[in-house]
Amino acid sequence: MSMLPDRVLRAIAPLLQEISFNAGEIIVVSDEQIDRLYILQEGQVEIQGKTENYCLLTGSIVNLKEILLQQPAKNTVKTLTQAKFLYLGTDKFRDLIQQYPEVSQIFSQQLAQEIDELSSQLIFEQERQSILRPYLITKAKRGIIGKSRYAVRLRQDVKKATDDQGSVLIFGEPGLEKDNLAALIHYSSSTRREAIIKVDCGTLQASGSELFGREGGKLGLIEALGKGTLILNNIQDLPSELLNPVVQLLKTQTYISVNRSSTPPAQKICQARLILISEKTISPINSLVSHLIKVPPLRVRKSDLADQINYYISIISRRKRINKPHITPEALRKLQGYDFPNNLRELQNLTERAIVQLSGESELTEEIIWPSKSKKQQFRLNLLNAYPRLRYFLRSAWWPDRINYGITLTAFPIIIAILFFGPQTRDQNFALNLFWAWWWPLILIGFPFVGRLWCSVCPFMIYGEVTQKLSVWLFPNHQLKSWPRETAEKWGGWFLFGLFTLILLWEELWELPNTAYLSACLLLLITAGAMICSAIFERRFWCRYLCPIGGMNGMFAKLSMTELRAQQGTCSAECTTYQCYKGGPQKGEGLETNGCPLYSHPAQLQDNRDCVLCMTCLKACPHRSVKLNLRPPGIELWTTHQPRLYEVALLFLLLDTVFLHKLPEINTILSLGLDLTNFWIHLSFSIVILSLPVILPLMGYGIIKLAFYWNKKTLCRSFVELAYGYLPLALMANLAYYLPLGLGEGGRILPLTMATFGLNGGNLPIFVAHPAVITFLQGVSLIFGVICAIILSQKISRQSFRSFIPQHLSIIGLGILFWWIV
């Protein structure tokens, strides 16, 4: 009206009348005929449109356009507070229009101007839509499924990100549907009506024109998006040229269009919300975003697996228009034992594949679900599933309790008594024969097959357990101490190394293999250590950290072709009591136990060092998670193994033990002429022999290190890691030494037993091998040890064969030395 001439306004003014309305009154009803033109003088008035509501400012005119175009009311007009208007009847206003044609002319001009503006907006909107259409996300696929603490925390993070319009970085492994989380954030926010687009950073041009647009040319995505949400997917693949512009965008919410002219373009303001998606955090960006959301991988959310797979079953069944099948507990356990490297994407594909194979059945069974095997599960055969009777035996009271408390507990003191009071030489005392000609060869042969199985029936710890039970019974107020784990981890290995060294020197200097009472003292010494530790500490502290025999067993057990493990997924998803670790009452098919004696959880074991195969975890587990696997021998040494310096020291100590056992032969071969009857000469020569052979492996490693430095190759693995390659040679060399005892003397056990008690056993049979056979088997053992050591070294090094020839030559050199003296 301000554009009308004064004479028209002077004609209108006298005709205007005042009118008041109370709050909440409806002045105009949509789609009804209009009888008045209103001008708002004061008060709050709301226009209730079909798409949106808005309030009028003072001086606003109501119904002008409808009267001029002779149309019914488009919107409802309602007072929010008491309001005053000036009004003019429709008929009088139309008479004025006819009397003063300037009103229609000015309105037509304004209408034409609005049409031009709308046309420009329409063209811009069409261009905007054509730019955004390939990138649009129309909806979020799904919410966050699951009830685990990870799912709850993820929901909280998403909810927090929706409370403001700050930038977000979502990071996590591939296949976690991080773009769906970004869509959830957008559609849960106040800008949900705006557009949301996803751009793959790996496909962006290095110039950035696609994002930022060109000056005077095509719109960029940011400008076209307006107040919507921009998802930059796979930000780790962003061209390096665009990193600084994106950092500036996050810092200042401004950007510069691509410009080819010399005149620098003006900065533009970004109104869009930025959500960045990455497989890892990006250091220049982390501190710039308002919200940092880490998406946990599926392998740590195994308790959500049942909900996830049931969701996928539902949507796939609905899409295929079939009845919804259900998954069996066995199939679910199989899935929980898998790590899902491709996370939710892999689970969805696996579920769809299983449903395709279903062929009308109502159950997804274990046979239909077949995920790929992770590295930890490759080449494994669960013997407990293959041989159900083995499971039954290992869960029975016979293993190992009845054997320990019915046989070992009684037999051990008898053996000790015979060693003390019987004949003192190995050719007359069957107990001495059992220890040196039977136990040593058999335990060495057993390591590659059953690992640390001997520790389950070891008499040392049986008496340790008896001592522990008696101490608790006799002194009810006596509280067994918790393990000093940190100190034990740091020094326990070196303690058992030192103790083993002293035992070896004692064995050599006092001729333990042929002195019965000294052998008994050795057994009692180790038993005393177990009993003392058991009276002080809970469970088997001695076995895990201090026992010299246990340290040797744990090291050689790494070469075993069997392993006891548990399905990590099943344990994390279904187990809440950890009875296999802590112990507890019977639950389901799980039996009552006191927990793992070595405080090891079968799902967390990385090698066989701390598992004595007592099967406590198998008995306690109510979810059938525990597995006894057949596997490639020693596979953990090049996959999950954690090297330890004290173990390497023990390894070379055992390697050099073979030389120690052959001191007289070395003295003779080298023509040293040393008087080994002299204690101090004998001791000095023993220490030298225990120390010198390790020089060969150190020289081999030094040459490898020098070659890597000279050729400027990737970093060479440490000596501690590579030293485990000598483990098969150490085992086979010791076996080659003990074979003459086992095959030459072990078979004389029957007449020896009679001779021990002063009886004549000359007529009893003996079973001994021909010396040529023993020599042949010694040679085969050494050759096999050298070959396996070279193969294992190559596996551990993960380098070309040529790069590690010096270590292979040192292995062959040691093999030749063993051949020479053994």
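Which residues of β19 are buried on one side, and which on the other? Keep that puzzle in mind as you look through these close-ups of a predicted model; the first legend solves it.

**Figure 1. Strand β19 is covered on both faces.** Thr562, Leu564 and Ala566 are buried on one side of β19, while Glu563 and Arg565 are buried on the other. In other words, five of the five residues of this strand are buried, and β19 is mostly covered. Look along the strand, residues 562–566, and you will meet β20, its antiparallel partner over five bridges. Two of the pairings are easy to find: Thr562 has Leu630 of β20 as its bridge partner, and Arg565 has Lys627 of β20.

**Figure 2. Strand β20 also pairs with β18.** Here we stay with β20, residues 626–630, where four of the five residues are buried, so this strand is largely enclosed by the rest of the structure. Strand β18, residues 381–382, is joined to β20 by two bridges, and the two run antiparallel. Find Leu381 and you can step across to Leu630, its bridge partner in β20. You have met Leu630 before, as the bridge partner of Thr562.

**Figure 3. Five strands line up in a parallel open sheet.** Strands of a sheet pair through backbone hydrogen bonds, either parallel or antiparallel. In this view the pairing is parallel, and the strands follow the order β10-β11-β14-β9-β15. At the edges stand β10 (196–200) and β15 (291–294); each has a single partner strand, so one side of each is left without a neighbour in the sheet. Ignoring direction, neighbouring strands are turned by 15 degrees against each other on average. Inside the order, β9 (residues 168–171) and β14 (residues 273–278) run parallel and are joined by four bridges. To find one of the pairings, start at Phe171 and look for Ser278, its bridge partner in β14.

**Figure 4. Two helices lie across strands of the parallel sheet.** Helix α5, residues 149–162, lies across β9, β14 and β15, and it runs at about 160 degrees to β15. Helix α6, residues 178–187, lies across β9, β10, β11 (229–233), β14 and β15. The angle between α6 and β14 is about 160 degrees.

**Figure 5. Four strands make an antiparallel open sheet.** The order here is β2-β7-β4-β5. Each edge strand, β2 (26–28) and β5 (53–55), pairs on one side only. From one strand to the next, the twist averages 30 degrees. Strand β4, residues 45–48, runs antiparallel to β5, and three bridges join the two. For a landmark, find Glu46, which stands opposite Cys55 in β5.

**Figure 6. Helices α33 and α34 pack with their axes 10 Å apart.** Helix α33 covers residues 771–797 and α34 covers residues 805–821; the angle between them is about 165 degrees. Angles over 145 degrees count as roughly antiparallel, and that makes α33 roughly antiparallel to α34. Their crossing is right-handed. Among the residues making the contact are Leu782, Ile783 and Val786 of α33, together with Ile811, Ile812 and Phe818 of α34. By class, the residues of this contact divide into nine nonpolar, six polar and no charged.

**Figure 7. Ser686 is buried in helix α28.** The helix spans residues 679–691, and Ser686 is part of it. The relative accessibility of Ser686 is 0%, so this residue counts as buried. Apart from residues up to four places away in sequence, Ser686 touches Leu505, Glu508, Leu509, Leu660 and Leu663. Helix α26, residues 645–661, also passes here: the axes of α26 and α28 come within 8 Å and cross at roughly 135 degrees. The two helices are therefore oblique to each other, and their crossing is right-handed. Ser686 belongs to the contact on the α28 side, and Leu660 is one of the contact residues of α26. This contact has five nonpolar, three polar and one charged residues.

**Figure 8. Ser482 is exposed in a loop.** Is this serine buried or exposed? Its relative accessible area is 55%, so Ser482 is exposed. The loop that holds Ser482 lies between α18 (459–474) and α19 (485–509). Leaving aside residues up to four places away in sequence, Ser482 touches Phe537 and Glu538. Thr351 is 131 residues from Ser482 along the chain, and their C-alpha atoms are separated by 46 Å.

Methods:
Residues are numbered from 1 along each chain as its sequence is written. This is a predicted model: local features need pLDDT of at least 70, side-chain atom pairs count only at pLDDT 80 or more; totals for chains, interfaces and linings use all residues. Side-chain values use heavy atoms; hydrogens and water are left out. Two strands pair if DSSP finds at least two bridges between them. Axes are lines fitted to C-alpha atoms, for helices over the stretch in contact, and angles run from 0 to 180 degrees between N-to-C directions. Angles under 35 degrees count as roughly parallel, over 145 as roughly antiparallel, 65 to 115 as roughly perpendicular and the rest as oblique. A crossing is left-handed if the near helix is turned anticlockwise from the far one by less than a right angle, and right-handed if clockwise. Contact means heavy atoms within 4.5 Å. Ala, Val, Leu, Ile, Met, Phe, Trp, Tyr, Cys and Pro count as nonpolar, Asp, Glu, Lys and Arg as charged, and the others, Gly among them, as polar. Buried means under 20% relative accessible area, exposed over 50%, partly exposed in between (1.4 Å probe, protein chains only).
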